[in-house]
Structures are given as C-alpha cells and as structure tokens.
Amino acid sequence: VRPQVIQTSQGVALAELLAGPGTSWAPVREAMRDANVSEMIEMASDAIAQSREAPPLHLVDPKLGRENGYSLLALQPTQNGLQISGYYAESAGDFLRQGAAIVRRRFREGPHDDLGTVAQVTVLEENGESMGLLLDGQPAEGGGTETFELTQCAVDLLATGQVD
C-alpha cells in the first residue's frame, strides 16, 4: 500500500507528527518505559518548565485554534487530511490533568482542542525560533515556521491490517 503520510522540512512522518514545546516530554516517556523513576522525575521537572515557559505554536494557514496557541500539536495522516489536535496547559488544573494523563501513558486524554482536518497547515513558533518535532517518535528540530502537508508515501509499504 501507499498510505497518506505527513511531509515536513525534516522528513516524513508515517503515523504521527508532534510539534512544540510539549515534545520535551519524549525523554520522560522513555524514562517511564525504562522504569527509571529518579530520571523520570528529573526530566519531568525540565519538561514542565519547557512546556510552561517556551513560546507556543500558532496555526496560521489556515488560522485555527486558540489565540494563545498550543504547547503541543499532534497531527495524524488520514485519507481525508491531517487530523489536528492542540494541547494546552494554562492553569494548575490543566497541568494536573495533563500530568495524570501522562502517568497513565495516555497523554491524548489531557486538555486539548480537536482542530479538524486539513490537507496542509502552516505553523508558527510565537517568537519565530525553532520548534521541537517528533516524527513517529523520533526527535527533530524544525524552523520558526513549518508547513506540514498530507501526501502519499513515495514507496510501497507492506501492511497486514486495515490502513486508514
């Protein structure tokens, strides 16, 4: 099959692209997988600071979502376009809800907005500086402005189940 994928300036994401300061939680996730509690606590502290203090991302073309932007954007390719969710944590309650979702290994249940489905989206880091990216879980550094586009995979892939 040749599934729909997400084309970025840093490569292709086959299943999911995460963007923004919230990508700083990736090392925390790895420490959780390794059951390294002390490392997890140390990294979580850094991730909280990064999520709270780093400039948010704004969806500028098309203009979507909150005026204050998002600390994490999650994009998934579908046959109909890029499905986008924007995650935020502005209040103590938001941070607690997001923290609880992370501990349960279900970060997608944290405070977020479902922003719809588009063929292409341009995202701006509020200060025009680089943004953290995770392409299928692999870290990358994007520019101050990034365009993410739904495209067909350039090669055939073997699939054993239903592909959306």
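In this predicted model, D156 counts as exposed, at 55% relative accessibility. The cut-off for that class is over 50%. D156 forms a salt bridge with R2. The closest N and O atoms of the pair are 2.7 Å apart. R2 is partly exposed, with a relative accessible area of 39%. Side chains of opposite charge can pair when their charged atoms come close. The structure holds one salt bridge. R2 lies in the segment before β1 (4–8), and D156 lies in the segment after β12 (145–152), so the pair ties together parts that are 154 residues apart in sequence.

Both β1 and β12 belong to an open sheet of six strands. The order of this sheet is β2-β1-β12-β9-β4-β5, and its pairing is antiparallel. Two strands stand at the edges: β2 (11–13) and β5 (63–64). Each has a single partner strand, so one side of each is left without a neighbour in the sheet. Strands of a sheet pair through backbone hydrogen bonds, either parallel or antiparallel.

At the β5 edge, the partner is β4 (residues 57–61), and the two pair in the antiparallel sense over two bridges. V60 has K63 of β5 as its bridge partner. The loop between β4 and β5 contains P62. The peptide bond from D61 to P62 is cis, with omega near 0 degrees.

A further set of pairings involves β6 (residues 72–78). Six of the seven residues of β6 are buried, so this strand is largely enclosed by the rest of the structure. Strand β6 pairs with β3 (residues 17–19) in the antiparallel sense, over three bridges. Strand β6 also pairs with β7 (residues 81–87), again in the antiparallel sense, over seven bridges. The strands β6 and β7 form a hairpin, with two residues between them. L73 of β6 appears in both pairings. A19 stands opposite L73, and the bridge partner of L73 in β7 is G86.

Attention turns next to the interior. The largest nonpolar core has 21 residues. Those with the most contacts inside this core are L75, V121 and F148. Many strands contribute: β3, β4, β6, β7, β8 (112–118), β9 (120–125), β10 and β12 each supply at least two residues. Strand β10 gives the most to this core, with three residues.

Strand β10 also takes part in a pocket lining. The pocket in question is the second largest, and about 270 Å³ of space lies in it. Rolling a probe the size of a water molecule over the atoms shows where empty space is left. The second largest pocket is lined by 20 residues, and the closest to its centre are G20, P21, T23, Q50 and G132. At least two lining residues come from each of α1 (26–33), β10 (131–135) and β11 (138–142). The largest share, four residues, comes from β10. By class, the lining has 11 nonpolar, six polar and three charged residues.

The loop between β10 and β11 holds D136. D136 is not a glycine, yet its phi is positive, at about 50 degrees. This residue is partly exposed, with a relative accessible area of 32%.

Conventions. Residues are numbered from 1 along each chain as its sequence is written. This is a predicted model: local features need pLDDT of at least 70, side-chain atom pairs count only at pLDDT 80 or more; totals for chains, interfaces and linings use all residues. Side-chain values use heavy atoms; hydrogens and water are left out. Two strands pair if DSSP finds at least two bridges between them. A salt bridge is a side-chain nitrogen of Lys or Arg within 4 Å of a carboxyl oxygen of Asp or Glu. Buried means under 20% relative accessible area, exposed over 50%, partly exposed in between (1.4 Å probe, protein chains only). On a 1 Å grid over the protein atoms alone, a cavity is a set of points where a 1.4 Å probe fits but cannot get out, and a pocket is an open set with protein on both sides within 12 Å along at least five of seven lines; lining residues have an atom within 4 Å of a point. Grid points are joined across faces, edges and corners, and a volume is the space filled by probe spheres set on the points. Ala, Val, Leu, Ile, Met, Phe, Trp, Tyr, Cys and Pro count as nonpolar, Asp, Glu, Lys and Arg as charged, and the others, Gly among them, as polar. A nonpolar core is a set of buried Ala, Val, Leu, Ile, Met, Phe, Trp, Tyr and Cys residues joined through side-chain atoms within 4.5 Å.
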